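Colleague: I'd like a close look at one stretch of this model, and then at what surrounds the story elsewhere. Could you walk me through it?

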Amino acid sequence: MTSVPFNGASVSIADLPTQPGHTRTYHFDLIAGDDLATEAMRVNEGDIVPADITAQSMPDGVLLQVSAQVNCTGVCVRCLDPVTLSFPVEVKEMFFTPEVIARMRKEEGDEAVEDLPVLDSNTIELEPLLRDAIVTQFPFTPLCSPDCDGLCDVCGEKWQDLPEDHEHEVIDPRFAKLAGFFSEEKDE
């Protein structure tokens, strides 16, 4: 077990034989920084993201498979209660050797290889792969429960804590002066 910062995390494949079919497995406890977040959800700074990694030699490069378990926190967009989620993350990415990229570029053109990851050293960066996989699984609108009623738009209290007959008499501001007019008429 190796504990490393999430930011800049990488795995060395120097000991992975290049013959197809060979594999190496690794386990990292990635320590989250303060930037693994969106506006709605975040992995708390210092939290551990356990990651199991398998690197497998393939004829055209290295297949990297990462399995991780992520815990994140946020607030419910309806009632502002804390929300805690836990979910698995699975990433599979093929890293092509420069020779394969050159061959594909020659056969299929530049556009065919434009977004393909190139294995240009004996290390593969884990951070960008995992960051994309984790952050894209965060909910855009986290809820404490699917049936959360939220807050009363007048008093700000949680609907679930209010009685069923809860209501506020709201007078249209355009007619507010008239309410005073009728009460004066009764006084006379």
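Where is Glu169 found?

Modeller: Glu169 sits in the loop between helix H3 (127–135) and helix H4 (176–187). Before I go on, this is a predicted model, with local features needing pLDDT of at least 70 and side-chain atom pairs counted only at pLDDT 80 or more, while totals for chains, interfaces and linings use all residues. Numbering starts from 1 along each chain as its sequence is written, and side-chain values use heavy atoms, leaving out hydrogens and water. As for the labels, helices (H or I, at least four residues) and strands (E, at least two) are DSSP runs numbered from the N terminus.

Back to Glu169: it counts as exposed because its relative accessibility is 73%. For reference, exposed means over 50% relative accessible area, buried under 20%, and partly exposed in between (1.4 Å probe, protein chains only). The areas themselves come from the Shrake-Rupley method with a 1.4 Å probe, and for residues only the protein chains shown count as cover. Glu169 also has company, as Glu164, Asp165, Glu167 and Glu169 gather in a patch of negative charge on the surface. A patch takes residues with over 30% relative accessible area and no salt bridge, joining like charges within 9 Å and nonpolar side chains (Val, Leu, Ile, Met, Phe, Trp, Tyr) within 5 Å. Asp and Glu count as negative, Lys and Arg as positive, and His and the chain ends are left out. Each charge is placed at NZ of Lys, CZ of Arg, CG of Asp or CD of Glu.

The loop between H3 and H4 also holds Phe175. Phe175 counts as partly exposed because its relative accessible area is 47%. Together with Ile171 and Leu178, Phe175 makes a nonpolar surface patch of about 280 Å².

Now for the strands, where E6 (residues 61–75) is a good place to start. Two strands pair if DSSP finds at least two bridges between them. E6 pairs antiparallel with strand E4 (residues 41–42) over two bridges, and there Met41 has Gly74 as its bridge partner. Strand E5 (residues 48–58) is antiparallel to E6 too, with eight bridges, and Ala51 stands opposite Ala68. E5 and E6 are joined by a hairpin of two residues. E6 and strand E7 (residues 82–96) run antiparallel as well, joined by 15 bridges. Among the bridge partners there, Gln69 goes with Pro88 and Gln65 with Lys92. The hairpin of E6 and E7 has six residues between the strands, and Leu80 takes a positive phi near 70° in it.

One more residue of E7 deserves a stop, namely Met94. Met94 counts as buried because its relative accessibility is 18%. Its C-alpha atom is 7.1 Å from that of Pro117, although the two residues are 23 apart along the chain.

Last, the salt bridges. Side chains of opposite charge can pair when their charged atoms come close. The structure holds six salt bridges (a side-chain nitrogen of Lys or Arg within 4 Å of a carboxyl oxygen of Asp or Glu). One of them links Arg103 and Asp60, with the closest N and O atoms 4.0 Å apart. This pair ties together distant parts of the chain, as Arg103 belongs to helix H1 (residues 98–108) and Asp60 to the loop between E5 and E6, 43 residues apart. Arg103 is partly exposed at 38% relative accessibility, and Asp60 is partly exposed at 28% relative accessible area. Asp15 and Arg24 also meet in a salt bridge, at 3.9 Å from N to O. Asp15 is partly exposed at 45%, as is Arg24 at 29%. Arg105 and Asp110 meet at 2.9 Å, N to O, in another salt bridge. Here Arg105 is partly exposed at 39%, whereas Asp110 counts as exposed because its relative accessibility is 52%. Finally, Asp35, Glu127 and Arg131 form one network through salt bridges that share partners.
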